[in-house]
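Reader: I'm new to this and I'd like to go through a protein model with you. Could you show it to me and explain the words as we go?

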Amino acid sequence: MPKAVKLGNRWVGEGYPTYIIGEIGINHNGDLDVAKELIREAKEAGLDAVKFQKRTPAICVPPEQQGQMRETPWGYITYLDYRYKVEFEAEQYAEIDRYCKELGIDWFASVWDEPAVDFLEQFNPVCYKVPSASLTDHGLLRKLRATGRPVILSTGMSTMEEIREAITVIGLENLLITHTTSAYPCDPSELNLRMIQSLMDEFPVPIGYSGHEVGLVPSAIAVALGACLVERHITLDRAMWGNDQAASVEPGGFRKLVKYIRVTEESLGDGVKKVYDSELSSLKKLRRFRPSSQS
């Protein structure tokens, strides 16, 4: 039986086209107009969905970090204040929801705490994403399972035992898993793309890839290795302010990546050796010796 989960109107899994996600995350830097431009660019590049991040800063920022000062586009402020600056609230998400529906592109978010789930439920997202940092938050996993929505579980910075424990808590129903390495940007030597196959061998659910590398090639290779979902950060300009921008893909790069992924899918074939009609003229002109069955 094929491993597939339905996200919105799309089936994602074995036998279906790769579901391609542009993670906007917080690359909008708190600016709704930038977020909408990123949504538009994602749609024009041929992406299936965009993803945001939703946190409750007072919960997600450890107490020892809340008062730390840092330089930001809003001045020299505390880390907690900065986290609030890049959070969209209900009014902004209502416009994001409206705009995505107008363009015909899915949207959802990574949720970093339980109140964030309650907040996003009002928008009926196609799914939720568990960020790698929250994989060990079993309370959050149980909260997500109770929604009945599909869940994408990201596995960066985690051991196999932690991954197995998380899956025991959240269950296999409507679950997708993404292999990732949580380094921004990630060195090619640490991408470990063969983990895609390892996850496919162990868990009977769709397996995807969330990439943080510089460049496009590994993301296309991930599809060749079996990833049915690919997620990359999207940005208008990699030189923009923000920790994730350098590991992001600009709109022109995403258009290339979509093309590379679709060509990869088409190139994989079915694994059954055959002689194609396009080869027959070469066979006739170039092959000197043929088995008697072909004479």
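Author: Sure, let's start with a term for how covered a residue is: buried means under 20% relative accessible area, exposed means over 50%, and partly exposed is in between (1.4 Å probe, protein chains only). Keep in mind that this is a predicted model, where local features need pLDDT of at least 70 and side-chain atom pairs count only at pLDDT 80 or more, while totals for chains, interfaces and linings use all residues. Residues are numbered from 1 along each chain as its sequence is written, and side-chain values use heavy atoms, with hydrogens and water left out.

Reader: Why is Asn192 called partly exposed?

Author: Its relative accessible area is 44%. Partly exposed covers what lies between buried, under 20%, and exposed, over 50%, so Asn192 with its 44% is partly exposed. Asn192 is found in the loop between β10 and α9, and its phi is near 50°, a positive value in a residue other than glycine.

Reader: What do names like β10 and α9 stand for?

Author: They're DSSP runs numbered from the N terminus: helices (H or I, at least four residues) and strands (E, at least two). The loop between β10 (175–179) and α9 (195–202) also holds Pro185. The peptide bond from Tyr184 to Pro185 is cis, with omega near -10°.

Reader: What makes Lys51 and Glu231 a salt bridge?

Author: A salt bridge is a side-chain nitrogen of Lys or Arg within 4 Å of a carboxyl oxygen of Asp or Glu. For Lys51 and Glu231, the closest N and O atoms are 3.8 Å apart, so the pair meets that cut-off. Lys51 lies in strand β4 (residues 49–54) and Glu231 in strand β12 (residues 229–233), so this pair ties together parts that are 180 residues apart in sequence. Both Lys51 and Glu231 are buried.

Reader: How many salt bridges does the structure hold?

Author: There are 19. One of them joins Glu95 and Lys36, with their closest N and O atoms 2.8 Å apart. That pair links distant parts of the chain, since Glu95 is in helix α5 (residues 90–103) and Lys36 in helix α1 (residues 32–45), 59 residues apart.

Reader: How do you know that Arg262 and Glu265 form a salt bridge?

Author: Their closest N and O atoms are 3.1 Å apart, and the limit is 4 Å, so the pair counts. Both lie in helix α11 (residues 251–268), 3 residues apart, about one turn of the helix. Salt bridges that share partners join Arg10, Asp48, Arg262 and Glu265 into one network.

Reader: What makes a group of residues a nonpolar core?

Author: It's a set of buried Ala, Val, Leu, Ile, Met, Phe, Trp, Tyr and Cys residues joined through side-chain atoms within 4.5 Å. The largest one here has 62 residues, and Ile39, Val50, Phe52 and Trp107 have the most contacts inside it. Helix α1 gives the most to this core, with 6 residues. Apart from it lies another core, of 13 residues, among them Val12, Tyr19, Ala49 and Cys228.

Reader: Why is Ile221 called partly exposed?

Author: Its relative accessibility is 37%, which is between 20% and 50%, so the label fits. Ile221 lies in helix α10 (residues 217–224).
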